Amino acid sequence: MQKILHATLAAVALASLSLPAAASTGTFLKLGAGEARYGTGEKRFDGKKHMSYDVVGGYRWQIANTFALGVETGYVDLGGSTHRVADPAAKQDTRNSRRPIPGKPQNKPKRPVPTYWEKSTLSARAFVLGVNARWQVGEQWSLTTRSGIARTHTALEVHTRRRSAAVSTSGITPYLGAGIGFAVTPNTDLSLDVSRYALAGTRVRAGGTRMHVHTIHAGLEMRF
């Protein structure tokens with residue numbers, strides 16, 4: 001994520017400071033990538049960074065000189081959070097081992113076989129449909145907000161030494177976000193965006209916290 005942010009800031013620094021005001025009217029396409037953090041109330045899934053990305057397109061109408069309102073739709077991959085519980089009884093791998101031969105150096109002991117009592121993965125993806133607004137701040141800077149509904153698909157997979165199980169659910173959930181953009185050309189912005197998505201399935205377990213995902217993405221918006 002730090003590499004993405006550094007690349008974004010470097011591009012902003014190299015951009016011309018005398019560009020004309022960025023256009024807001026018309027069709028747009030936005031690509032974003034960064035990190036996601038799950039909030040489930042479960043320590044095994046929370047507090048971990050995961051790669052996520054989104055592809056969103058839409059159309060905006062100029063409402064005022066510095067304000068545009070539009071609609072959007074797209075796809076968001078929210079990555080997955082994995083938790084592993086190591087097997088404390090893991091034994092050394094003795095495969096292909098040979099008996100000691102007098103007068104010859106002996107092989108080093110093998111590392112333990114990586115076995116686990118349990119491996120759990122919570123993942124999610126979504127198709128979004130919503131509205132967005134864009135405010136022009138000066139000639140090159142802009143602020144954006146977005147909100148709407150998402151068709152989210154949430155999956156939980158659990159694998160143990162004795163069995164495996166998987167459960168998934170889909171539903172309509174809300175999302176919202178905000179961002180700041182910098183125009184590198186009149187029709188191209190680099191941006192930093194934060195969003196929050198509620199997940200279908202509501203809870204990992206009965207009585208638990210309602211699930212959601214926060215994302216921080218570096219983005220590229222192109223207007224046509």
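Let's start with a little gathering of rings: Tyr53, Tyr75 and Phe127 form one aromatic cluster. Keep in mind as you look around that this is a predicted model.

The cluster is part of a wider theme, since the structure holds 6 aromatic pairs. Take the pair made by tyrosine 75 and phenylalanine 127: the ring centres are 5.1 Å apart and the planes meet at 55 degrees, so this pair counts as tilted. Planes would have to be over 60 degrees apart to count as edge-to-face. Now, what does this pair tie together? Tyrosine 75 belongs to strand S3 (residues 67-86) and phenylalanine 127 to strand S4, so the contact links parts that sit 52 residues apart in sequence.

How open are these two rings to the outside? Tyrosine 75 has a relative accessibility of 22%, so it is classed as partly exposed. Phenylalanine 127 has a relative accessible area of 51%, which makes it exposed.

Stay with strand S4 and go to valine 137, which also has its place there. With 41% relative accessibility, valine 137 is partly exposed. It has company, too: Val137 joins Trp135, Trp141, Leu143, Ile180, Leu192, Val194 and Ile216 in a nonpolar patch on the surface, and together they offer about 660 Å² of accessible area. Which elements give two or more residues to this patch? They are strand S4 (116-137), strand S5 (141-160) and strand S7 (188-198).

One last stop brings us back to rings, this time with a charge involved. Look for arginine 60: its charged end sits over the ring of phenylalanine 28, 4.1 Å from the ring's centre.

Note on methods:
Residues are numbered from 1 along each chain as its sequence is written. This is a predicted model: local features need pLDDT of at least 70, side-chain atom pairs count only at pLDDT 80 or more; totals for chains, interfaces and linings use all residues. Side-chain values use heavy atoms; hydrogens and water are left out. Patches are made of residues with over 30% relative accessible area and no salt bridge: like charges are joined within 9 Å, nonpolar side chains (Val, Leu, Ile, Met, Phe, Trp, Tyr) within 5 Å. Accessible areas come from the Shrake-Rupley method with a 1.4 Å probe; for residues, only the protein chains shown count as cover. A salt bridge is a side-chain nitrogen of Lys or Arg within 4 Å of a carboxyl oxygen of Asp or Glu. Helices (H or I, at least four residues) and strands (E, at least two) are DSSP runs, numbered from the N terminus. Buried means under 20% relative accessible area, exposed over 50%, partly exposed in between (1.4 Å probe, protein chains only). Rings of Phe, Tyr and Trp (its six-membered ring) pair if their centres lie within 6.5 Å; planes under 30 degrees apart count as stacked, over 60 as edge-to-face and the rest as tilted. A charge sits over a ring if NZ of Lys or CZ of Arg is within 6 Å of the ring centre and within 35 degrees of the ring normal.
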